[in-house]
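Colleague: Can you walk me through this one? I'm new to reading structures, so keep it simple.

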Amino acid sequence: LQPHWRSSPSLGHSRVWNRPCFERPASACPARRMATPRDDDNPDVGEEAPEPEVLAGSEAAESVAEDVPMSSVQKAKMKRESLASIHEVAMNKRASKKMFVGGIGVSRQMMIEYMSLLRWSRASWFSAPYALAIWMIALILINYRSTSWVTFPVRQAFLEHLTTLKAVPFRGVAPIEVSVGKEVGIMQGGSSCRCTCGLSMAELCGNVSHDSLLGFNGTMSLSHVAEMRAQSSYFQSGTGGDSMIDLNASWAGLTWDDILSKTDVLRWLQHGLLPDLYDEVGRDAPLDFTKMFDADVESILATNSKPGVVLDWMQVIGGIRMRQRRLNTGTCSGDNAQTLARRYGTQCHDDSYQVTPFGPGIGSYAEGFVPEEDNLGAFDIQYNMETPIREVLDNFEYMLKHYEWIDDSSDSLQVQAALLHAEATPPLFVMFEARFDFRRSGHIEKNLKIFVTSTEMFPSVIDVVAHIVWAALLCFLLFNTTFEAMSTYLSQKKRKMFVLTKSFVSDWVVVIFSIGVATGFFLIEYSINEMITKVMDMPYLDKSSFASEIATYKDAWSDILDRVDWVSFYFDTFRVSLFWYSIAVASQLVKFFAGQPKMSQLLAAFSSAQEDLLHFLMLFVTMFATFAIAGFMMYGYFIKEWSTLPRAVASTLRALMGKIQLDEMFASAPFSTVVWYFLFITIMVIITLNLLVALVYDHYSMVQGQAGKVPGIFAQLGWVMKDMRERIRDESIAWKLTCCCRRANPNVPSHKDILEGLMEVSKLPTSEQIAIRTEVLGAKVSRKERERSVFAGTDTDLDVNTLDPAMNDLVEMGVNDDYAEFLINEGKAYAKMDYDPEDAKTAQLRQLVANAEEDIMAMKVRLQSCAEYTRDSMHGLTRCIDSLEELVHETLADMVTIADEAGVPTGGKAGPTGKAPPSKLGSTATAFGGTTGGFNMGGTATSSFMQTGMSQTAGSTIRGTKGPKAGKEVELWHKAARRVDTRKKRAGAPPNAKFFGPKG
């Protein structure tokens, strides 16, 4: 009988799974998904069996089985082939497991990882000298540009001098108005004087006559008389006289830190700053009477002064400028404020600056009371250094203070002076500014600013050489980056392979920053040279100078003061830009770090933690701001360090570092301080900071686990040196000395070309190629990611060929045989060094899981195939039994007929229907069953007789019957059987039925 299960579609699918693993597609075989490597030394091990031949043989065997029954020889041959295929699959599994956990061959994957390491190592070690050079040169330039070793002592000394400067009553006193005798004054403008050594002040000044009282007449200038009166006022009694000096004044000794009101500001300026800048001699200094009648002498004091000289070396350029800005009067904000203002007769001010004259400047021009034309809203007072101090004090006392130059409308006051420190190395421009901001709350914000700028941008030969080297390095970097960008843009192949790396971004950032720094450098240099020219072109003043010349002089040094201010601002901005430039230049070292595996791990850990660090920063800022605002609300009313929100933030940051004013905080709010401090230490220090450490450590552990075992810096340097020595081993000494200037040897391709060729023949995905071109650990990490994804079954369509031996690829690339053999040996050494027991355990577990999965799948397929085969076989057997039963019925009917014709007694005659009696027919069938060569119906025949109503009677059998009658019956039976064989068509057998057994 022909079975029908071979044409079943479901069984056809199971027939695929029933094949060995090497005959199945990759998606149906876990072991093939693991991309089993092959042994390089034994190419036969691990190779897949040729699928066309195996499938052809299988189909041929199936066709033979369908057409003709298989002989025992064919069955034995097929069994031997099946055992051989199973043995080959087992050998492949052993080879794959051996190679996966660390074989001795060098595959393409191993060579790609090794060449990637060489490429990055060579690039990093060759770029390291350049990166270190430009970094060191940048630091040297920053050091020279900052000139901190000179500017800091100067600034600190000047700042300490101003903050400790005291306002004293006997300095800065304006002279009393000089009254000249009418008679002498009208005629010659002189004075009549008397002097004595023994009389008292009352006797000397009264109308008395004494022998020791000497009188003399002479001509004295009014300035000398005023100076004499000013000095004499120091010795006059403060009670009942006209003395302006009160040595016991409450403000005596007023310093910068003691200034609390506008009156304090004016006192500190008049009795402290101005006398100090003009180097005024105190009222207790003696007079030189030999100079008294010499009109050409500026001062009759015995002690000489140096106006404009500060701290012995710094000279004030031109003079001092005091600039005030005033606010306009306006309506008060709010109804309550307006009501109170009307009730108490006060005025409110808005935020706009006043641009109209005030005080004596309303009716006529008065310096300081009329706004400047070129700077609206500014009211300036300028004092020349050539102006005697008595005139300056006279203007300050009888003009500014008398007409209330500083009043309720004043918003700010700036006292500025530019100084030249020629004794410093290099010479310095010093900009001094004392600023007072008069807040509407009633307090004064004070700020002292000292700007120091070098007058020479090239103070030494070393500085010049450093600038030249820096410019050369920048030109080289600019040329390389521009050439790389243009070549990538013009080449289609390079455009496809282009990857935006950290080194590429770093190069362009350094170039852009360098251009900006160079621009700022030349701008400052130009401004300083122009300022020096302005200083040299300043006019000179003397007693005979006209008012126009004095005005020109003031304009000249005022312009210089503005230029120094701007140059100081430029220089401060330049310092800030140098800070960012130092960070940008330090990024050049990233190119060296990126080529070193261990340093690359650190960079990768930082990159991996960026997202988590961002979320951590959000949490940290939220909690930090909460504590800062809480501290501001609790302590801002009592403690200065918490009085403003910026100060509160700074105080909270200091508390995070362990510096906190806990005593003052506890004194202001005891219970709240305990709660605040406990929660701050618990949340911010113990939890948050430790969370940051754990976060960084977790990402570093993850990156380290991905990268596995990586070489150190010295091992990497050894590989680079060995590879370089091998590449130029056969070259001459002259070639070795000039190898950097020569074209590369075509028989020794570059590491980049070899790496690109291996990636191309291995058919690596684009993502892996980008990772390899981007990071030194890209090859290893991407390989592990590929193994993980293939093992998980997510990349079933991945068709890489990384397990073939790399030697043939190196030869096809035109690599020299010796160098190719060197690479293979070094690749083996790298694989040995790179061996990680943890990775080996992971690989073994994966292989074990793959093998188990394959065996489980094979068992499942075989069970499914067995079920299908059993179901189809049972269906065929059922049909065969039905056909056999029908045939038995018809045959039995023919047998009865034949028996009747042959004269075989059936135990009765057939009835009208032509059927023999049941008892006789059963006995006859039993007799036929026992005949030699007869038809053995077995249980089926018996059951058929039972269905036809025939029954065997006990003892009615002809088995063992002897005699001629029995022999004749047997002969007649054989004749009837032969007649039955010739009557197949009449027997009604199915068309697809097949009969096996003896024929004829």
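Modeller: We'll go through the strands, then one residue, then a surface patch.

Modeller: This is a predicted model, where local features need pLDDT of at least 70, side-chain atom pairs count only at pLDDT 80 or more, and totals for chains, interfaces and linings use all residues. Residues are numbered from 1 along each chain as its sequence is written, and side-chain values use heavy atoms, with hydrogens and water left out.

Colleague: OK. Is strand E7 enclosed or open?

Modeller: Strand E7 covers residues 410-421, and 11 of its 12 residues are buried, so the rest of the structure largely encloses it. Buried means under 20% relative accessible area, exposed means over 50%, and partly exposed is in between (1.4 Å probe, protein chains only). Strands (E, at least two residues) and helices (H or I, at least four) are DSSP runs, numbered from the N terminus.

Colleague: Which strands pair with E7?

Modeller: E4 (residues 314-330) pairs with E7 in the antiparallel sense over 10 bridges. E8 (residues 428-438) also pairs with E7, antiparallel, over 10 bridges. Two strands pair if DSSP finds at least two bridges between them.

Colleague: What lies between E7 and E8?

Modeller: Six residues, and the two strands form a hairpin.

Colleague: Give me a residue to look at. What does Ala417 face?

Modeller: Ala417 of E7 is the bridge partner of Ile320. Ala417 also stands opposite Phe432 in E8.

Colleague: And Gln416, buried or exposed?

Modeller: Gln416 is in strand E7. It is buried, with a relative accessible area of 3%.

Colleague: What does the Gln416 side chain make polar contacts with?

Modeller: One is with the side chain of Arg321, at 2.6 Å. Another is with the side chain of Glu433, at 2.9 Å. A polar contact is a pair of N or O atoms within 3.5 Å; within protein, one must be able to donate a hydrogen and the other to accept it, and residues adjacent in sequence count only if both atoms are side-chain atoms.

Colleague: Which other residues is Gln416 in contact with?

Modeller: Leaving aside neighbours within four places in sequence, the list includes Gly319, Met431, Leu561 and Asp565. Contact means heavy atoms within 4.5 Å.

Colleague: Back to E4. How many of its residues are buried?

Modeller: 13 of 17, so E4 is mostly covered. Seven bridges join E4 to E6 (residues 378-384), and these two run antiparallel. Arg323 stands opposite Asp380 in E6. E5 (residues 348-353) pairs with E4 over three bridges, antiparallel too. There, Thr329 stands opposite His349.

Colleague: What about E3?

Modeller: E3 (residues 309-310) pairs with E4 in the antiparallel sense over two bridges. They form a hairpin with three residues between them, and Leu311 in the turn has a positive phi of about 55°.

Colleague: New topic. Which residues form the nonpolar patch on the surface?

Modeller: Leu500, Val505, Val509, Phe513, Val576, Phe579, Trp580 and Ile583, with about 720 Å² of accessible area together. Such areas come from the Shrake-Rupley method with a 1.4 Å probe; for residues, only the protein chains shown count as cover. Patch residues have over 30% relative accessible area and no salt bridge (a side-chain nitrogen of Lys or Arg within 4 Å of a carboxyl oxygen of Asp or Glu). Nonpolar side chains (Val, Leu, Ile, Met, Phe, Trp, Tyr) are joined within 5 Å, like charges within 9 Å.

Colleague: Which helices supply the patch?

Modeller: H15 (502-536) and H16 (547-586) each supply at least two residues. H16 gives the largest share, four residues.

Colleague: Where is Val509, and how does it count?

Modeller: Val509 is in helix H15. Its relative accessibility is 32%, so it counts as partly exposed.
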